[in-house]
Amino acid sequence: MATINPHIHFNGNAEEAFTFYKSVFGGEFTKLLRYGSISSPEFPIADHDANRIMHIVLPIGKHTRLIASDVLEMMGKVSENDNRNTISISAESREEADRLFNGLSSEGAVEMPISNGPLGVYFGMFTDKYGVEWMVEYDSAN
């Protein structure tokens, strides 16, 4: 079965965001490459972009990786007010759902507090402090 791994684009703060995500999920980055490491005469990188993240990976659970990169200034900016996508987390316990929801939503905007929903699923939605939208659920039937 194929695996889906979310990839988020940032405006120069991917490392800060992923350090925050790492503090919530735990684990270690399996990749962290900066644009400056690929700079060459054929593919020059401006000095102001050299320290931006080209590729960062944080494994989450056994089969999922959260991936990101910074957008180079010459490419414009990612609109942090747009809905870039929503990342949905299916927790293995109610306690894990609470920990992830409370950790990731810190300093963000909660759209729907985590609670028991009408369909019997423990669920909440928020936008984190980096403008990324998340949903957290725990379904005791699964």
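**Close-up views of a predicted model**

Thr86 is partly exposed, with 34% of its relative area accessible, and the legends below place Thr86 and several other residues within a model that is predicted.

**View 1. Thr86 in strand 5 and its contacts distant in sequence.** The residue at the centre of this view, Thr86, belongs to strand 5, which covers residues 86-90. Once residues up to four places away in sequence are set aside, Thr86 touches Glu133, Trp134 and Met135; strand 8 runs over residues 133-138. Pro6 is 80 residues from Thr86 in sequence, and the C-alpha atoms of the two are 9.0 Å apart in space. Because its relative accessible area of 34% falls between the limits of 20% and 50%, Thr86 is classed as partly exposed rather than buried or exposed. The confidence of the prediction should be kept in mind for this view, since strand 5 has the lowest mean pLDDT among the elements of the chain, at 86, whereas helix 1 has the highest, at 97.

**View 2. The whole chain, as a frame for the close-ups.** The chain contains two helices and eight strands, and along the sequence these elements follow the order β-α-β-β-β-β-α-β-β-β. The C-alpha trace spans about 60 × 30 × 25 Å along its principal axes, and 34% of the 142 residues count as buried. Of the contacts with a separation of 6 or more, 55% are accounted for by residues 24 or more positions apart. About 8600 Å² of the chain is exposed, and carbon and sulfur atoms supply 51% of that area. There are 11 positive and 20 negative side chains, with the centres of the two sets lying 5 Å apart. The mean pLDDT of the chain is 88, and 92% of its residues reach 70 or more.

**View 3. The buried side of helix 2.** Within helix 2, which comprises residues 94-104, the buried residues are Ala97, Leu100, Phe101 and Leu104. These residues lie on the same side of helix 2 because they cover an arc of only 95 degrees around the axis. The buried residues of helix 2 pack against helix 1 (14-25) and also against four strands, namely strand 5 (86-90), strand 6 (109-116), strand 7 (122-127) and strand 8 (133-138).

**View 4. Two loop residues, Glu107 and Tyr130.** Glu107 is found in the loop that joins helix 2 to strand 6, while Tyr130 is placed in the loop between strand 7 and strand 8. The backbone of Glu107 has a phi near 70 degrees, which is a positive value in a residue other than glycine. Glu107 counts as exposed, with a relative accessibility of 66%, whereas Tyr130 counts as buried, with a relative accessibility of 6%. Computed along the sequence the reader has at hand, Tyr130 and Glu107 are 23 residues apart, and their C-alpha atoms are separated by 9.3 Å in space.

**View 5. Ile8 in strand 1.** Strand 1 consists of residues 7-10, and Ile8 has its place there. With a relative accessibility of 7%, Ile8 counts as buried, because the cut-off for a buried residue is under 20%. Ala68 is 60 residues away from Ile8 along the chain, yet the C-alpha atoms of Ile8 and Ala68 are separated by 4.6 Å.

**View 6. Lys22 in helix 1.** Lys22 is a residue of helix 1, the element with the highest mean pLDDT in the chain, at 97. At 25% relative accessibility, Lys22 counts as partly exposed. When neighbours within four places in sequence are left aside, Lys22 is in contact with Gly27, Glu28, Phe29 and Leu58. Glu111, by contrast, is 89 residues from Lys22 in sequence, and the C-alpha atoms of the two are 23 Å apart in space.

Notes. Residues numbered from 1 in each chain as written. Heavy atoms only, no water. Buried < 20%, exposed > 50% of the residue type's maximum accessible area, 1.4 Å probe, protein only. Contact = heavy atoms within 4.5 Å. Areas by Shrake-Rupley, 256 points an atom, 1.4 Å probe, with all protein chains shown as cover. Lys, Arg positive; Asp, Glu negative; His and termini not counted. Charge placed at Lys NZ, Arg CZ, Asp CG, Glu CD. Arc of directions from axis to C-beta. pLDDT = per-residue confidence, 0-100.
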